[in-house]
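Me: I am new to this structure. Please take a close look at one part, the hairpin and whatever it belongs to, and then place that part in the whole.

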Amino acid sequence: MRDKNFLFWVILATFFLVLLNLPPAVSSSLREFFRESMATYQGGVTRLMSGVQKTSSAVGNITEVIQERDRLDREAAVLRARLRTLEPLARENQELRTQLDYQKRVSLKTVACEVIARDDGYGWWQTLRLDKGRKHGLSGNMPVITPDGVVGRTTEVSDQTCDVLLISDRSFKVSVRFDQEGSFGILHGGGVSLSGVHSTGVLCVPGLFRVDYLRKDLAIQSGERVMTSGLGGIFPPGLMVGRVVRMTLDETGLYQHGEVEPVADLGRLRSVLVVTGKQGADQ
Amino acid sequence: MTAAIMVFLLLVGALIQGLIPAAAWLGLSKPPILPAVALYYALVHPRGMAVTAAILAGMIQDTMSLFPVGTSALCLVVFALFVVKTRETMFRDSVLTMAVLGAAMAAFTTLGLYGMLSLNTLSVDMPLWWVALKAGGNALLGLVVAPLVWWVADTLERHVGLTTAEAR
């Protein structure tokens, strides 16, 4: 009995010694196996919940929905007419852009993805899980954006799924440039705010981002736009990150730091764009 | 059959734990369903089964997050073995026991994970007050979740003809 007990402890200790020191390739395969197994169910349940939410909201506000539909119909007719006049202009614009090779320099190749889960399984990191992965051309450390601005970067990628570390996570860092002032800085995620308006839809309001060690003579104003600088190799330059809320002098009086409000609605993301490269970069 | 039920509970638990949004005022804690499943097996089943449940729960949790594989498993196994060792001195079928142990396990796992991450190169970069809030939030959720998971697991095992006494 005592021998059996001893054997149990030896096996358990060996198991953990091996498990905690797994080679990255094995550990990554294990992660992929579990993530791929869960992804189908996570996606299904997320879509189901979204459907239920939409249906209940539609049933609850049926009169408003009908009025809204009529209004949208009228608006769509006006926009269709306007679009017809704009089409030739758009074509001309496109031709000029091609001639100037403009698109090659600024446009980004993106893959549209749906969010199938929020947060990691235990709430330590602020992450998202997307419904596309390696098979769709995604890999680690790719920028993730919405039309509003930067959302985060990809971390773990499997064949069909991909995890994104949100820009609001405390461990997230990105090189930024203040739009008007032109100075550079490193922006850190601010975690989540305990104050702010929390609701069942959004249980976490992102905290303000922080940019440290800025020279105290820089005249950065509240409301100034903060963009990615392009330094660091992950994010291309010129992506919107946020707006300066306030600048305060460091305790030592040698530097100032800025607090930046995110522009992307990080609490309510349903779909995002993963930047896989630049348009024409592979031509 | 016990193994099949365990796998089923762990997979459903992982799915629910992943889907429920985390609340900021609880330190972004998620309801600790996987630790609660491990706790049920530690209280009711033989040591081998308890350790297996704790390892699987921990590994699923690690693969769902950015934790190095094995960190949660180690924390859960340590607590599960403590429960196995001391369970004869407890009222095992009491809801209060499950609630208190659920809270203790959730807080222990949170602090254990923070300790292991601090030793690891993968820093979580969070202030201590936030870790304390997280441990408290996890404990509170564990207090509520553990009896519920115990009830579900016990009902499921009874339905397939496996009584708690036989499992022991």
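Reply: Start at the hairpin. Strands E6 and E7 of chain A form it, with 5 residues between them. In the turn sits Gly182(A), whose phi is positive, about 85°. The model is predicted, and that holds for every value below.

Now the two arms. E6(A) covers residues 173-178, and E7(A) covers residues 184-188. They pair in the antiparallel sense over 5 bridges. One pair to look for is Lys173(A), which stands opposite His188(A) in E7(A).

Which residues of E6(A) lie on its covered face, and which on its uncovered one? The covered face holds Val174(A), Val176(A) and Phe178(A). The uncovered face holds Lys173(A), Ser175(A) and Arg177(A). Lys173(A), the partner of His188(A), is thus on the uncovered face.

E6(A) also pairs with strand E11 of chain A, residues 225-228. The sense is again antiparallel. This pairing has 3 bridges. Here Phe178(A) stands opposite Val226(A) in E11(A). Phe178(A) is on the covered face of E6(A).

Strands of a sheet pair through backbone hydrogen bonds, either parallel or antiparallel. Step back to the sheet itself. The hairpin belongs to a closed barrel of 6 strands in chain A. The order is E6-E7-E10-E13-E12-E11, with antiparallel pairing. Neighbouring strands of this sheet are turned by 40° against each other on average, direction ignored. Both E7(A) and E11(A) flank E6(A) in this closed ring.

Follow the barrel onward from E7(A) to E10(A) and E13(A). Strand E10 spans residues 209-215, and strand E13 spans residues 255-262. They run antiparallel, joined by 5 bridges. One bridge partner of E10(A) is easy to find: Phe209(A) is matched with Val260(A) in E13(A).

E10(A) holds a backbone detail too. Most residues other than glycine have a negative phi, and most peptide bonds are trans. Tyr213(A) is not a glycine, but its phi is positive, about 55°. Tyr213(A) lies in strand E10. Is Tyr213(A) buried or exposed? Tyr213(A) is exposed, because 11 other C-beta atoms lie within 10 Å and a residue counts as exposed at 12 or fewer.

A second residue of this kind is Asn141(A). Its phi is near 60°, again a positive value in a residue other than glycine. Asn141(A) sits in a loop, between strand E2 (127-130) and strand E3 (143-145) of chain A. Asn141(A) has 12 other C-beta atoms within 10 Å, so it is exposed as well.

Now place the barrel in its chain. Chain A has 4 helices and 14 strands. Of its 283 residues, 29% are buried. Among its contacts with a separation of 6 or more, 59% join residues 24 or more positions apart.

Next comes chain B. How many helices and strands does chain B have? It has 7 helices and 0 strands. Along the sequence the pattern reads α-α-α-α-α-α-α. Of its 168 residues, 51% count as buried. Of its contacts between residues at least 6 apart in sequence, 71% join residues at least 24 apart. The C-alpha atoms fill a box of roughly 50 × 30 × 30 Å along the principal axes. The radius of gyration of chain B is 15 Å, which agrees with the value near 15 Å for a compact globule of 168 residues.

Two helices of chain B deserve a stop. Helix H5(B), residues 95-119, has 25 residues. It reaches 36 Å from first C-alpha to last, close to the 36 Å expected at 1.5 Å a residue. Its buried residues include Met98(B), Leu101(B), Met105(B), Phe108(B) and Leu113(B). Among what covers the buried residues are helix H2 (33-44), H4 and helix H6 (128-159) of chain B.

H3(B) has 18 residues and reaches 26 Å, close to the 26 Å expected. H3(B) is mostly covered, with 14 of its 18 residues buried.

Last, see where the chains touch. The contact takes 33 residues from chain A and 29 residues from chain B. On the chain B side, helices H1 (2-19), H3 (47-64) and H4 (71-86) each give two or more residues. That side has 19 nonpolar, 8 polar and 2 charged residues. H3(B) thus gives residues to the contact, and H4(B) both gives residues there and helps cover the buried residues of H5(B).

Key. Residues numbered from 1 in each chain as written. Chains lettered and ligands numbered in written order. Predicted model: local features only at pLDDT ≥ 70, side-chain atom pairs only at ≥ 80, totals over all residues. Pairing = 2+ DSSP bridges. Axes fitted to C-alpha atoms, helices over the stretch in contact; angles between N-to-C directions. Contact = placed C-beta atoms within 7 Å. Nonpolar A, V, L, I, M, F, W, Y, C, P; charged D, E, K, R; others polar. Expected span 1.5 Å × (residues − 1). Buried ≥ 20, exposed ≤ 12 C-beta atoms within 10 Å, placed from the backbone. Rg over C-alpha atoms; globule rule 2.2 N^0.38 Å.
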